[in-house]
Amino acid sequence: MTTPSTLAQRDWIAGLERGVSIIEAFDDAHPRMTAAEAGQRTGMTRTAARRYLLTLQHMGYVAGDGKLFWLTPRVLRLGQSYLESARLPRIVQPFLQRVAAGTHETAYLAVLDDDEVVYIARNGPNRNMNTGYVLGARVPAQVTAAGMLMLSMRSDAELEHWLDNRALTVFTSHTITCPAEMRRELALIRTQDWALCEQQLNLDSRGIAVPLRDRHGALAGALNITMPMGRETGKDAVARVLPMLRETAQAMRDLI
């Protein structure tokens, strides 16, 4: 994917960047904003932000009451377009179904987007949504098995830069917040080529993940399972599901 740092200036459309940044400015802490607030969060003037908000409102992506603006469900079309057009989520679905049927757990395909894990495919029971993720969910990478696995696959220099520029947020009493401890955990995950994450985001949640590589050996994502804590030990859970995860990831390798 082309990034702004490698895109020729003549090909850069600043207006598109700003329009997308307005959409991304809305979050759980800012579900409704004035034009001035949106401008402050995106580095625009109030007048410029208002013009983008009104344009997005005309397109149906934003609603407003004359003062406050908020996103509409139409924004979900953007994510749905990816899920319907991307090849990877379609390819993995029958494999996730096999994993879910063989383990009686919910299986996911996750990819890394900056500091967050995004779940782009899933299959399995929905018996406890407190230990599962909806399709398209975004979760901090530092507290998930899939996220820690993919972080561990970065180069040493990239990892050091990430650790030096991130505050490790506390979610539970088990969350790793010490950079030195995180380095050790990521080094272990890289060596063993799989990850176990317990109670770091949710006290009732355990995750196990393996890398999904393409035919050239490049990391394409993480194949993972989430399950409730309490039914078995972490060691027993790994013994039960890790072989199937590894076997499935290997079977998918020649298809991606």
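Buried means under 20% relative accessible area, exposed means over 50%, and partly exposed covers what falls in between, with a 1.4 Å probe and protein chains only. The structure is a predicted model, in which local features need pLDDT of at least 70 and side-chain atom pairs count only at pLDDT 80 or more, while totals for chains, interfaces and linings use all residues. Residues are numbered from 1 along each chain as its sequence is written, and side-chain values use heavy atoms, with hydrogens and water left out.

**Exercise 1.** Determine where glutamate 160 and arginine 183 lie, and how they are paired.

*Solution.* Begin with the criterion: a salt bridge is a side-chain nitrogen of Lys or Arg within 4 Å of a carboxyl oxygen of Asp or Glu. Glutamate 160 and arginine 183 form such a bridge, their closest N and O atoms being 2.8 Å apart. Next, place the partners, with helices (H or I, at least four residues) and strands (E, at least two) taken as DSSP runs numbered from the N terminus. Glutamate 160 belongs to helix 7 (residues 156-164) and arginine 183 to helix 8 (residues 179-192), so the bridge ties together parts that are 23 residues apart in sequence. Finally, glutamate 160 is partly exposed at 33% relative accessibility, and arginine 183 is partly exposed at 31%.

**Exercise 2.** Classify glutamate 105 and arginine 240 as buried, partly exposed or exposed, and find the network that they join.

*Solution.* Glutamate 105 has a relative accessible area of 2% and is therefore buried, whereas arginine 240, at 33%, is partly exposed. Salt bridges that share partners join Glu105, Arg231, Glu232 and Arg240 into one network. Within this network, the closest N and O atoms of arginine 240 and glutamate 105 are 2.8 Å apart.

**Exercise 3.** Assign a geometry to the ring pairs that tyrosine 133 makes with tyrosine 108 and with tyrosine 119.

*Solution.* Rings of Phe, Tyr and Trp (its six-membered ring) pair if their centres lie within 6.5 Å, and planes under 30 degrees apart count as stacked, over 60 as edge-to-face and the rest as tilted. A search of the whole structure finds three aromatic pairs. For tyrosine 108 and tyrosine 133, the centres are 5.8 Å apart and the planes stand at 65 degrees, so this pair is edge-to-face. For tyrosine 119 and tyrosine 133, the corresponding values are 4.4 Å and 10 degrees, so this pair is stacked. Tyrosine 119 and tyrosine 133 are both buried, and the ring pairs link Tyr108, Tyr119 and Tyr133 into a cluster.
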